[in-house]
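Biologist: Could you walk me through this one? I'd like to start with the overall layout and then go into the side chains.

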Amino acid sequence: MDVKGLKEYLAWLYYQYLLVTCSYVLEPWEQSIFNTVLFTMVTMVVYTAYVFIPIHTRLALEFFSGLFGGQHESTVAFMS
């Protein structure tokens, strides 16, 4: 893909972003505040998902393995 085509594609994506968020009607300073708040919220959601999803997945797997007859590690060690 050439540079001009890439530049036009990115401009089209930005235009779509402006249309979807309806931020094309905002003043430039309002757009910068809106974009900052949106970027901060998306960053916080991604970070929280990165930190907590593996923990909750592991706990869910432990719960369901115990529910379907699997033994916990502490139970196996206790009976041996």
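Modeller: Before the layout, a word on terms: helices here are DSSP runs of H or I with at least four residues, strands are runs of E with at least two, and both are numbered from the N terminus. Please also keep in mind that this is a predicted model.

Biologist: Fine, so which pattern does the protein chain follow along the sequence?

Modeller: Read along the sequence, the pattern is α-α-α, and the count behind it is 3 helices and 0 strands.

Biologist: How much of the protein chain is buried?

Modeller: Buried residues account for 5% of the 80 residues, while the chain exposes about 7300 Å², of which carbon and sulfur atoms supply 73%.

Biologist: Where does UniProt put the feature "transmembrane region"?

Modeller: The UniProt record, which is an unreviewed entry, places that feature at residues 9-26 and 32-53. In the model, residues 9-26 are 72% helix and 0% strand, with their end C-alpha atoms 23 Å apart, whereas residues 32-53 are 100% helix and 0% strand, with their end C-alpha atoms 31 Å apart.

Biologist: Let's look at H1, then. What span should its 19 residues have?

Modeller: At 1.5 Å a residue they should span 27 Å, and the end C-alpha atoms of H1 are 27 Å apart, so the expected and modelled values agree.

Biologist: And which residue follows H1?

Modeller: That is Cys 22, whose phi is positive, near 60 degrees.

Biologist: What about the surface, which residues form a nonpolar patch there?

Modeller: The patch is formed by Leu 6, Tyr 9, Leu 10, Trp 12 and Leu 13, which together have about 490 Å² of accessible area. Of these, Tyr 9 lies in helix H1 and counts as partly exposed, at 41% relative accessibility.

Biologist: Moving to the aromatics, how many pairs does the structure hold?

Modeller: There are 3 aromatic pairs in the structure. In one of them, the ring centres of Tyr 14 and Tyr 17 are 6.1 Å apart and the planes stand at 35 degrees, so this pair is tilted.

Biologist: Why tilted rather than stacked, exactly?

Modeller: Because planes under 30 degrees apart count as stacked and those over 60 as edge-to-face, with the rest called tilted, the 35 degrees between Tyr 14 and Tyr 17 makes that pair tilted.

Biologist: Where do those two tyrosines sit, and how exposed are they?

Modeller: Both Tyr 14 and Tyr 17 lie in helix H1 (residues 3-21), 3 residues apart, about one turn of the helix. Tyr 14 is partly exposed, with a relative accessible area of 43%, and Tyr 17 is also partly exposed, at 24%.

Biologist: What is the geometry of Phe 63 and Phe 64?

Modeller: Their ring centres lie 5.2 Å apart with the planes at 70 degrees, so that pair is edge-to-face. Phe 64 is partly exposed, with a relative accessible area of 42%.

Biologist: Switching to charges, how many salt bridges does a search of the whole structure find?

Modeller: The search finds 1 salt bridge, in which the side chains of Arg 58 and Glu 62 meet at 3.0 Å, N to O.

Biologist: In which helix do Arg 58 and Glu 62 lie?

Modeller: Both are in helix H2 (residues 28-67), 4 residues apart, about one turn of the helix. Arg 58 counts as partly exposed at 44% relative accessibility, and Glu 62 likewise counts as partly exposed at 35%.

Methods. Residues are numbered from 1 along each chain as its sequence is written. Side-chain values use heavy atoms; hydrogens and water are left out. Rings of Phe, Tyr and Trp (its six-membered ring) pair if their centres lie within 6.5 Å; planes under 30 degrees apart count as stacked, over 60 as edge-to-face and the rest as tilted. Buried means under 20% relative accessible area, exposed over 50%, partly exposed in between (1.4 Å probe, protein chains only). UniProt positions are given in the numbering used here, feature names are shortened, and annotations may be inferred rather than shown by experiment. Accessible areas come from the Shrake-Rupley method with a 1.4 Å probe; for residues, only the protein chains shown count as cover. A salt bridge is a side-chain nitrogen of Lys or Arg within 4 Å of a carboxyl oxygen of Asp or Glu. Patches are made of residues with over 30% relative accessible area and no salt bridge: like charges are joined within 9 Å, nonpolar side chains (Val, Leu, Ile, Met, Phe, Trp, Tyr) within 5 Å. The expected span of a helix is 1.5 Å times one less than its number of residues.
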